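Here is a briefing on one protein chain. Please read it with the sequence and the model open.

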Amino acid sequence: MVELKTDTSIDAMHAAGQVVGRALTAVRRAARVGVSLLELDEVAREVLREAGATSPFLGYRPSFAATPFPAVICASVNDAIVHGIPTGYRLRDGDLLSVDCGAELDGWVGDSATSFVVGRPRPADLRLVETAERALAAGIAAAVVGNRIGDIAHAVGQVCRGAGYGIPAGFGGHGIGRRMHEAPDVPNEGRPGRGLPLRAGMALAIEPMLIASGKDGYYEAEDGWTLRTTDTSRAAHTEHTVAITPQGPRVLTARETV
């Protein structure tokens, strides 16, 4: 069942989303060559502590996971698509890093992700990240009353496929609210005009995932969480929590430009 949020609930989700935005901004500012992924996780933890928020990631254990997730961010480097566990790995010049973060505040959840290059970027990585952002923007623009889930999926997929990138099947966005993952699923590829109608009060996490080679293959790493590209090509991941309102889509996890 899809819960329709009131204006008051959406405002509360926005408060949680702003904590996520601050955490991602702080992590990006701290992400430099030589900094470890564990250090970046601690940066995000401090933002959550200061806000009085908790992490929906920490201790999360869905049915596919052998162990609970041990951190407050997912930190996915280079060929890691999503769900990377922060480790002692120290960032190197030119690494492509995707960071996913969530926050729970006063019973409501925000979820967002961003990808960027540490140090000197490769032009190909910049194109990949820019396309991920365009796909996210297209998905958000389609999140309007009267459209359907398929319209969001189609908008995201058209940008990704049109640029020649792969899309990992079976992974995409989701409903969000009192829990991090709620109905409905929001695929990153689909047919317009199909799927659940979009109504005011729905809250969705829209999250494109792109594979640079144009192939869709991925596998689960030995840690039981990280998804990596089968051909070792690089990947990017972006995400915002968005509320559907009569006035149009409202991004609840907006963050500062770094």
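Outside its neighbours within four places in sequence, Glu220 is in contact with Phe64, Trp225, Thr226 and Leu227. Glu220 sits in strand S9. The model is predicted. The points below start at this site and then move to the rings, helix H4, strand S1, a loop proline and the whole chain.

**Around Glu220**

- Glu220 is partly exposed, because its relative accessible area of 44% falls between the 20% and 50% limits.
- Two of its contacts, Phe64 and Trp225, also form an aromatic pair with each other.
- Thr241 is 21 residues from Glu220 along the chain, and the two C-alpha atoms are separated by 25 Å.

**Aromatic pairs**

- How many aromatic pairs does the count come to? The count comes to three.
- Phe64 and Trp225 meet edge-to-face, with 5.4 Å centre to centre and 70 degrees between the planes.
- This pair links distant parts of the chain, 161 residues apart. Phe64 is in the loop between helix H2 (37–51) and strand S1 (73–77). Trp225 is in the loop between strand S9 (218–220) and strand S10 (227–229).
- Are the two partners buried or exposed? Phe64 is partly exposed, at 42% relative accessibility. Trp225 is buried, because its relative accessible area of 4% is under the 20% cut-off.
- Phe171 and Tyr218 form another edge-to-face pair, at 5.5 Å centre to centre and 85 degrees between the planes.
- Phe171 lies in the loop between helix H4 (149–162) and strand S5 (173–175), while Tyr218 lies in strand S9, so the pair ties together parts 47 residues apart in sequence.
- Both rings of that pair belong to partly exposed residues: Phe171 has 25% relative accessibility, and Tyr218 has a relative accessible area of 29%.
- Ring pairs also join Phe64, Phe69 and Trp225 into a cluster.

**Helix H4**

- Does the length of H4 agree or disagree with its 14 residues? At 1.5 Å a residue the helix should span 20 Å, and its end C-alpha atoms are 20 Å apart, so the two agree.
- H4 is largely enclosed by the rest of the structure, because 10 of its 14 residues are buried.
- The buried residues are Ile149, Gly150, Asp151, Ile152, Ala153, Ala155, Val156, Gly157, Val159 and Cys160.
- What covers these residues? The cover includes helix H3 (123–141), strand S6 (182–186), strand S7 (203–206) and strand S8 (209–211).
- After H4 comes Gly164, with a positive phi near 90 degrees.

**Strand S1**

- S1 is mostly covered, with five of its five residues buried.
- In a regular strand, side chains alternate between the two faces of the sheet.
- In S1, Ile73, Ala75 and Val77 point one way, and Cys74 and Ser76 point the other way. All are buried.
- S1 runs antiparallel to strand S3 (residues 96–105), and five bridges join the two.
- Which residue of S3 is the bridge partner of Ala75? The partner is Val99.

**Pro246**

- Pro246 is found in the loop between strand S12 (240–245) and strand S13 (248–251).
- Pro246 counts as exposed, because its 68% relative accessibility is over the 50% limit.
- Pro246 and Thr232 are 14 residues apart in sequence, yet 43 Å apart in space, C-alpha to C-alpha.

**The whole chain**

- The secondary structure comes to four helices and 13 strands.
- Why can the chain be set beside a compact globule? A compact globule of 258 residues would have a radius of gyration near 18 Å, and the chain has 17 Å, which agrees.
- Along the principal axes, the C-alpha atoms fill a box of roughly 45 × 40 × 35 Å.
- Of the 258 residues, 54% count as buried.
- Among contacts with a separation of 6 or more, 71% come from residues 24 or more positions apart.
- The chain exposes about 10,900 Å², and carbon and sulfur atoms supply 51% of that area.

Conventions: Residues are numbered from 1 along each chain as its sequence is written. This is a predicted model: local features need pLDDT of at least 70, side-chain atom pairs count only at pLDDT 80 or more; totals for chains, interfaces and linings use all residues. Side-chain values use heavy atoms; hydrogens and water are left out. Rings of Phe, Tyr and Trp (its six-membered ring) pair if their centres lie within 6.5 Å; planes under 30 degrees apart count as stacked, over 60 as edge-to-face and the rest as tilted. Buried means under 20% relative accessible area, exposed over 50%, partly exposed in between (1.4 Å probe, protein chains only). The expected span of a helix is 1.5 Å times one less than its number of residues. Contact means heavy atoms within 4.5 Å. The radius of gyration is taken over C-alpha atoms; the globule rule is 2.2 Å times the number of residues to the power 0.38. Accessible areas come from the Shrake-Rupley method with a 1.4 Å probe; for residues, only the protein chains shown count as cover. Two strands pair if DSSP finds at least two bridges between them.
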